[in-house]
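Trainee: Please take a close look at a single part of this structure and explain it to me step by step. I am new to it and would value one connected account.

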Amino acid sequence: MSELKTPEEMLALCGEIPFATKGRSMWPFVRDNPDAVRIGRIEKEIVKGDVILFRYQGRVLLHRVCGQDENGFITRGDNCIACETGIAEEDVIGILTGVTRKGSIRTPGGIGYKLYKALWCSNRFFVRLTHMAVSLRRAVKRRLKRSGKKR
């Protein structure tokens, strides 16, 4: 019977591992449930824009690097406003090498990814606008639901 391995051990053995995601912090780039990500060994310098898998406050997160300072990397999910700071290199497990959606693999080097990164990630305006639209939609749904119950 084999023991369960940590992501670090699996990467050391295989070089690249599939990883199921949970949550909406990387939406719309990575979607909860239908998408799976591929994480690879870090074979290059991590730079702004890379998506890394790392340990942070007892959790394993997949977020985009948005900077670096003397305390380590600064990351943020594409669908998040707040950042994580002070992520040391030893906390980084691996780097995103692809996203599988509906049977096709999307890689960070593709033209669609570069366009997404330029439009969505470089301008936080789109993230804030999306958050406002989703909040408004939820408020309208709640109001409609309440008004329907009163009838």
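Mentor: A residue counts as buried when its relative accessible area is under 20%, as exposed when it is over 50%, and as partly exposed in between. With that scale, Arg 38 counts as partly exposed because its relative accessibility is 25%. Please keep in mind throughout that this is a predicted model.

The part I have chosen is strand 4, together with its neighbours. Strand 4 covers residues 59-69 and runs antiparallel to strand 3, residues 51-56, with six bridges joining the two. One of the bridge partnerships sets Leu 53 against Leu 62 of strand 4. Two residues separate strand 3 from strand 4 in their hairpin, where Gln 57 adopts a positive phi near 50 degrees.

Strand 4 also pairs with strand 5, residues 72-76, again in the antiparallel sense, and here there are five bridges. This second pair likewise forms a hairpin with two residues between the strands. Asp 69 stands opposite Gly 72 of strand 5. Strand 4 is thus paired with strand 3 and also with strand 5.

A residue of strand 3 shows what surrounds this pairing. Ile 52 belongs to strand 3, and it counts as buried because its relative accessibility is 0%. Setting aside residues up to four places away in sequence, Ile 52 touches Leu 61, Leu 62, His 63 and Val 65, and further Ile 46, Thr 75, Val 92, Gly 94 and Ile 95. By contrast with these contacts, a separation may be given: the C-alpha atoms of Ile 52 and Lys 117 lie 15 Å apart, with their positions 65 residues apart along the chain.

Leu 62, the bridge partner of Leu 53, also meets a residue outside these hairpins. Thr 21 sits in the loop between strand 1 (16-20) and strand 2 (36-40). Its contacts, residues up to four places away in sequence not being counted, are Leu 62 together with Val 30, Arg 31, Asp 32, Asn 33, Asp 35 and Val 37. A relative accessibility of 18% is why Thr 21 counts as buried.

Strand 4 also borders open space. The largest pocket holds about 390 Å³ and has 18 lining residues, those nearest its centre being Lys 22, Ser 25, Val 60, Leu 61 and Leu 62. Strand 4 gives five residues to the lining, the largest share, while strand 1, strand 3 and strand 4 each supply at least two. By kind, the lining comprises nine nonpolar, five polar and four charged residues.

Next come the charged side chains. Side chains of opposite charge can pair when their charged atoms come close. Five salt bridges are found in the whole structure. One of them involves strand 4: Asp 78 and Arg 64 meet through their side chains at 2.8 Å, N to O. This pair links distant parts of the chain, since Arg 64 is in strand 4 whereas Asp 78 is in the loop between strand 5 and strand 6 (84-87), 14 residues away. Both partners are buried: Asp 78 because its relative accessibility is 2%, and Arg 64 because its value is 5%.

Two further salt bridges, formed by other residues, may be set beside this one. Glu 16 pairs with Arg 38, with the closest N and O atoms 3.0 Å apart. These two also connect distant parts of the chain, Glu 16 being in strand 1 and Arg 38 in strand 2, 22 residues apart. Glu 16 is partly exposed because its relative accessibility is 32%, and Arg 38 is partly exposed because its value is 25%. Asp 50 and Lys 44 form another salt bridge, in which the closest N and O atoms are 2.7 Å apart. Here the partners fall into separate classes: Asp 50, at 12% relative accessibility, is therefore buried, whereas Lys 44, at 44%, is therefore partly exposed.

To return to the chosen part, strand 4 joins strand 3 by six bridges and strand 5 by five, supplies five residues to the lining of the largest pocket, and contains Arg 64, which is linked to Asp 78.

Note on methods. Residues numbered from 1 in each chain as written. Predicted model: local features only at pLDDT ≥ 70, side-chain atom pairs only at ≥ 80, totals over all residues. Heavy atoms only, no water. Helix = DSSP H or I, 4+ residues; strand = E, 2+ residues; numbered from the N terminus. Buried < 20%, exposed > 50% of the residue type's maximum accessible area, 1.4 Å probe, protein only. Contact = heavy atoms within 4.5 Å. Pairing = 2+ DSSP bridges. 1 Å grid on protein atoms, 1.4 Å probe; cavity = no way out; pocket = protein on both sides within 12 Å on 5 of 7 lines; lining within 4 Å. Points joined across faces, edges and corners; volume = space filled by probe spheres on them. Nonpolar A, V, L, I, M, F, W, Y, C, P; charged D, E, K, R; others polar. Salt bridge = Lys/Arg side-chain N within 4 Å of Asp/Glu carboxyl O.
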